[in-house]
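The following exercises are to be worked with the sequence and the coordinates at hand. Each task is followed by a solution in steps.

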Amino acid sequence: MAERSAAARRSGTAVLVLVFAFLYVPIAVLVALSFNEGGLPTVWSGFSTRWYVSLASNQDILSAALNTLVVAVASTAIATLLGTLLAIGIEMRRRRGTVLEALVFAPMIIPDIVLAVALLSFFSMLDVTMGLHTIVLAHVVFNLAFVCAVVRARLKSFDWSITEASADLGASALTTFRRVTLPVILPAVIAGALLAFTLSVDEFIIAFFTAGAGRSSTTLPMQIYSMIRFGITPEINALATIVMAVSVIALAISQRLNRGMVGQ
Amino acid sequence: MTAIGTRPAFLMAPALAWLVGLMVVPCALVLALAFFQRGVYGGVDYTFTLENFGRVFDPLYAGIFLRSARIAGTATVIAVVLGYAAAYAIASCRRSLQPVLLFFAVLPFWSNYLIRTYAWIVLLNREGLITQLLRWFGYEGEPPSMLYTEGAVIAGLVYNYLPFVILACYAPLSRMNPELAEASRDLGGSAFTTFRRIILPLTLPGIAAGAVFVFVLSIGNFVTPALLGGGRFQMIGNLVYDQFLTANDWPFGAALSMALIGIMMLLLLVQAYASDRASTRTAPVREDA
């Protein structure tokens, strides 16, 4: 949009300043307070990293973090494989199927509380013992949909005739995939995997419902939720800062690999 | 044989089996559960009944639905107005600056939802930043109670979903052909008329997508009302949670979940209709977009 008056430009800048302040002030306050010396969670009394040190010796948090890592790695690995194959399959098909599109879109929009209670009912009706493995099963559902969406976006501009050329030149299906298709879509596959990893690390409600009883399968968001229920502590501030930093780094890498993913 | 020597159906099969087995079947199960009675000691008594759906319309629960809809609706309106303004401002910036601004607008969206909500507890609690700012300006009275109010829930929802609205509104704004707005101005349309008759209709699909997203995720939300709202039955999500984990009335919880799914599907249809209408009515977009 060109040729705008100075007044319009100023109000545009004002809007952006306000919106960015709204988005970043709460996070900035949280991060700042995680370095707060004093025990009071919201009153500044000097710089310190003691809450990060005390986190490192909190067994509950460490085991929750380990559980989260296990769930995220396993569900990301499965979802990346299945989601990528799904994306290739869908894009190879000449026909568009409404049911198929709805099925692939549904995990991204379905209210998480609904999927959570559905899986809880399902697992308990089948008498499945719940634990980290059932969280993985559940997380793959939405993770594979997101991986599929990212890979499909990449495949939209893919020239399928080069795979035919490869086949004509005598390459097997597997060789063609490994040498032709995969190199083209690899950045999207990795970006999708990082996205899935972030989603899984952050997911709370579905994990909460499918973790079963007992503390052994508590994930980090579940741990954070129960800590928040007890009130604000500087330790949560520090933990929150670390978790946010990890997500931001994963997203930044994903963005670099797959420019324009944000626009999907 | 197709291009890579494998049939698409074969490639899609594992993922589709996963989705059917762990999403479609469990959701169908919940739908079925909604038609049975609650057992005397919790659990499910497999006798057919429509009572659970009737209870959804019981004044007590209908009231929670209405309150949820009001909270979600308010959050949606605020998020759409703020998000559209921000997207418009971003789309008006230099082309080279736009991806950077967009990235930073969306960045908070990828940090943990619980943590973003928790940040508002830190901000709004009685000794939080806002109270301290008030004190700094000379306010001496009792700290205002901002946490555990409906306003806090709305603020939390707007905060959490605003980035998505910005994204959804930015897409059509950045694709819009600027010559259309210029033509309208040249033909004597005022800035407001141009906005109302040209820009707004062209960007309606983005607004609809953003609004539906915020509303659907807000009305089914569990975490924000639980953490920022205080009360137990703040919104439908909390009510569903309670039926499954405390009240142990799974059939009723199932009926509530299905009502949520129903609302979601209805809104998605409205959104599809809005973008359909927009695409049949609007002028071509810029070629290079």
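Two residues are in contact if their C-beta atoms, placed from the backbone, lie within 7 Å. The model is predicted: local features need pLDDT of at least 70, side-chain atom pairs count only at pLDDT 80 or more, and totals for chains, interfaces and linings use all residues. Residues are numbered from 1 along each chain as its sequence is written, while chains are lettered from A and ligands numbered from 1 in the order in which they are written.

**Exercise 1. Determine how many residues each chain gives to the contact between chains A and B, and describe the side of chain B.**

Step 1. Chain A contributes 73 residues and chain B contributes 71 residues.

Step 2. Helix α1 (residues 8–33) of chain B supplies the largest share of the chain B side, 16 residues. Helices here are DSSP runs (H or I, at least four residues), strands are runs of E of at least two, and both are numbered from the N terminus.

Step 3. The side of chain B that touches chain A holds 58 nonpolar, twelve polar and one charged residue. In this count Ala, Val, Leu, Ile, Met, Phe, Trp, Tyr, Cys and Pro are nonpolar, Asp, Glu, Lys and Arg are charged, and the others, Gly among them, are polar.

**Exercise 2. Characterise the packing of α3 and α9 in chain B.**

Step 1. The axes of α3 (residues 59–91) and α9 (residues 191–219) of chain B come within 9 Å and cross at roughly 145°. Axes are lines fitted to C-alpha atoms, for helices over the stretch in contact, with angles from 0 to 180 degrees between N-to-C directions.

Step 2. Residues of α3(B), including A72(B), A79(B) and Y84(B), meet residues of α9(B), including I207(B), V214(B) and F215(B).

Step 3. Twelve nonpolar, six polar and no charged residues make up this contact of α3(B) with α9(B).

**Exercise 3. State the secondary structure of chain A and relate it to the UniProt features.**

Step 1. Chain A has eleven helices and zero strands, and its C-alpha trace spans about 70 × 65 × 30 Å along the principal axes.

Step 2. UniProt, in an unreviewed entry, places "domain: ABC transmembrane type-1" at residues 65–254 of chain A. Those residues are 81% helix and 0% strand, with end C-alpha atoms 22 Å apart.

Step 3. The "transmembrane region" ranges listed by UniProt (unreviewed entry) include residues 102–124 and 130–151 of chain A. Residues 102–124 of chain A are 91% helix, with end C-alpha atoms 27 Å apart. Residues 130–151 of chain A are 91% helix, with end C-alpha atoms 31 Å apart.

Technical notes
UniProt positions are given in the numbering used here, feature names are shortened, and annotations may be inferred rather than shown by experiment.
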